[in-house]
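Visitor: Please take me closely through the largest nonpolar core of this model and the residues that build it.

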Amino acid sequence: MKREDIITIINDFLIDELEIDREKLQDDANLKNDLGIDSLDFVDIVVIVEHKFGIKISPEEITNVPTLKAFYDYIERKTGVQ
Amino acid sequence: MKRRVVITGTGIYSSIGKNLNEVKQSLYEGRSGIGVEPERKTYGYRSTLTGIVERPVLKGLLDRRLRISLSEQGEYAYMATLEALKNAQIDKDYLENNEMGVLFGNDSSAKAVIEAHTTVLEKKDTMLLGSEAVFRSMNSTVTMNLATIFKLKGINMTISAACASSSHAIGLGYIFIRDGLQDLVLCGGAQETNLLSMSSFDAISTFSVRMDEPTKASRPFDASRDGLIPSGGAASLLLEDYEHAVKRGATILAEVVGYGFSSNGAKLSQPSDTGSETAMARAIHDAGIDAKDIDYINAHATSTLQGDMFEAIALNKLFGAYKTPVSSTKSMTGHECWMAGASEIIYSIIMLQNSFIAPNINFEQPDEYSAKLNIIKTTTKKNIDIFLSNSFGFGGTNSALIIKKYNP
């Protein structure tokens with residue numbers, strides 16, 4: 001999977017499923033402080049990532065991902081694309 | 001000193017209407033909300049009959065977190081509560097600064113539980129249930145969500161008492177206010193209607209199988225009745241201390257004057273004439289009135305052979321001498337189970353406000369017990385000052401409420 005596809009999938013579900021405004025989706029946006037993702041939302045992200053990418057991620061790890069760019073990097077690494 | 005308890009807001013979302021106006025029209029016209037859901041046959045039900053309740057669209061009304069945590073019946077409860085609070089002229093600012101309690105009847109959240117179980121079976125990982133499953137699955141799902149959505153700060157709990165759940169919820173709300181523990185309590189009931197929720201009732205042949213005539217299938221007190229029809233939705237009422245209501249300039253719709261309860265202490269599914277009679281007599285005593293003062297009885301009668309018979313025996317014993325008008329609105333709505341106690345108070349308040357008795361539709365041929373009652377077959381103009389509403393449930397739980405027209 002190409003990085004731009006990963007970015008599109010992540011941005012789409014943040015907009016469609018977590019109902020985050022598109023204009024807030026900047027690379028340096030902090031997931032918690034800027035995007036307002038809370039502990040329950042991270043639980044939902046685990047489910048969505050499994051559904052969209054077919055991989056299981058740990059809630060503890062994803063909760064510690066600071067920014068949107070770091071989230072893309074994390075999924076890219078997990079899906080095995082460098 | 002006991003305080004007066006009044007009703008200052010009502011809201012309804014049911015198979016016969018999604019708001020008070022639609023429901024009033026249906027009650028007046030004797031319109032049935034029953035239909036068939038063919039998927040029930042494929043799933044394995046004996047009866048495909050059900051009350052047809054449209055799911056509300058909540059996107060735009062509630063933000064995501066609050067929305068996804070609602071079970072099916074929680075969605076209905078939210079809609080009914082919006083209407084009740086609007087009628088009571090209570091807004092977000094008021095709730096931020098004042099204390100309101102919430103007591104709702106709810107006795108299952110089967111769809112949420114079964115769907116979560118199915119996911120874990122398939123995925124072998126509870127982490128893949130998502131965040132909302134727990135808030136939808138618990139029996140207190142309705143009150144936990146309403147209290148969060150509306151920022152309620154008073155008593156907060158769910159009453160589970162089978163098909164008398166929400167009648168007891170109103171009774172308990174009445175006691176909390178009467179005894180000075182709360183000034184405002186949101187009371188009500190909610191009932192899921194999905195096919196996952198009612199299979200165990202179908203398993204004991206509770207439901208009518210008159211599938212070729214859905215709107216004629218619910219026929220409380222009729223000799224040819226063959227079972228109840230599951231239905232649902234939600235009903236919300238705002239109970240308030242009388243002085244508190246006057247002080248804030250609220251419109252008073254009616255007054256709760258009596259609550260009676262009992263337990264049959266007998267069989268799981270068999271009702272009892274003596275148990276229901278005790279609950280009614282206790283409500284009459286609590287109201288400080290005589291049986292002859294009651295102008296209308298909204299019967300529990302669900303269209304089952306035994307239930308209707310035992311209630312008819314008890315009604316005849318207490319009210320036979322006065323020929324008190326009786327109808328079961330379940331003839332139109334089907335059995336709204338956990339919600340029925342609250343919804344039937346709202347249906348009866350609509351009748352009280354508009355001076356009519358809604359018909360017990362499909363009552364064509366009495367049996368030996370119902371023949372002794374004054375069952376209202378067609379919409380009848382009548383002034384109602386005081387009504388009684390019965391609710392009985394599995395395990396022998398009984399509740400009776402008496403409501404009076406507001407008279408300063």
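Guide: In the largest nonpolar core, which has 107 residues, the members touching the most others are Val185(B), Leu237(B), Leu239(B), Ala283(B) and Met351(B). A nonpolar core here is a set of buried Ala, Val, Leu, Ile, Met, Phe, Trp, Tyr and Cys residues joined through C-beta atoms within 7 Å; a residue is buried if 20 or more other C-beta atoms lie within 10 Å of its own, exposed if 12 or fewer, and partly exposed in between, with C-beta atoms placed from the backbone. The greatest contribution to this core, 9 residues, comes from helix α16 (residues 340–354) of chain B, helices being DSSP runs of H or I with at least four residues, numbered from the N terminus. At least three residues of the core come from each of domain 1 (5–247) and domain 2 (258–405) of chain B, with bounds taken from an automatic or database domain assignment.

This is a predicted model, in which local features need pLDDT of at least 70 and side-chain atom pairs count only at pLDDT 80 or more, while totals for chains, interfaces and linings use all residues. Residues are numbered from 1 along each chain as its sequence is written, and chains are lettered from A and ligands numbered from 1 in the order in which they are written.

Beyond its neighbours within four places in sequence, Ala283(B) is in contact (C-beta atoms, placed from the backbone, within 7 Å) with Gly258(B), Tyr259(B), Gly260(B), Leu388(B), Ala400(B), Leu401(B) and Ile402(B). Another core, of 17 residues, lies apart from the largest one and includes Ile6(A), Val43(A), Val47(A) and Phe71(A).

How values were computed
Helix = DSSP H or I, 4+ residues; strand = E, 2+ residues; numbered from the N terminus. Contact = placed C-beta atoms within 7 Å.
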